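This report describes a single protein chain for readers who work from coordinates. The sequence and the model are shown first, and the discussion follows.

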Amino acid sequence: AEGKASSDRPRRHIHNCRVALERLQSAGVPLLDSCGRIITADDLAGGYQEKVVSLLWNIMLHLQVRMP
């Protein structure tokens with residue numbers, strides 16, 4: 001039973017990343033990295049640092065309070 005749970009982990013991780021990206025996109029957070037490439041669930045689940053940092057930066061910019 002443990003072997004099956006372990007084999008499902010990467011698939012669940014990608015699914016969770018996909019759900020998070022969908023929510024961020026619906027909130028208006030851009031899902032593009034600094035080179036204009038789409039950030040995917042596979043990128044996040046795979047630990048691609050450049051894509052993860054780009055997404056975090058996009059989230060921070062989106063949440064930034066705009067001064068009048």
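Which residue's side chain meets that of Asp33 in a salt bridge? The partner is Arg37, at 2.9 Å from N to O; a salt bridge here is a side-chain nitrogen of Lys or Arg within 4 Å of a carboxyl oxygen of Asp or Glu.

The model is predicted, so local features need pLDDT of at least 70 and side-chain atom pairs count only at pLDDT 80 or more, whereas totals for chains, interfaces and linings use all residues. Residues are numbered from 1 along each chain as its sequence is written, and side-chain values use heavy atoms, with hydrogens and water left out.

**Confidence and fold**

The pLDDT, the predictor's confidence in each residue from 0 to 100, averages 89 over the chain, and 85% of the residues score at least 70. The chain holds three helices and zero strands, where helices (H or I, at least four residues) and strands (E, at least two) are DSSP runs numbered from the N terminus. Among these elements, helix H1 (residues 2-26) has the lowest mean pLDDT, 86, and helix H2 (residues 41-45) the highest, 96.

**Salt bridges**

The whole structure contains five salt bridges, including those tabulated here.

| Pair | Closest N to O distance |
|---|---|
| Arg11 and Asp8 | 3.0 Å |
| Asp33 and Arg37 | 2.9 Å |
| Arg37 and Glu50 | 2.8 Å |

Arg37 lies in the loop between H1 and H2 and Glu50 in helix H3 (residues 49-63), so their bridge ties together parts that are 13 residues apart in sequence. Through shared partners, salt bridges join Asp33, Arg37, Asp43, Glu50 and Lys51 into one network.

Accessibility varies within this network; buried means under 20% relative accessible area, exposed over 50% and partly exposed in between (1.4 Å probe, protein chains only). Asp33 is buried at 6%, and Asp43, at 13%, is buried as well. Arg37 is partly exposed at 40%, as is Glu50 at 43%.

Arg11 and Asp8 both belong to helix H1, three residues apart, or about one turn of the helix. Arg11 is exposed at 59%, whereas Asp8 is buried at 15%.

**Nonpolar core**

A nonpolar core is a set of buried Ala, Val, Leu, Ile, Met, Phe, Trp, Tyr and Cys residues joined through side-chain atoms within 4.5 Å. The largest one has eight residues: Cys17, Leu21, Val29, Leu31, Ile39, Ala41, Leu44 and Leu55. H1 and H2 are the elements that give two or more residues to this core.
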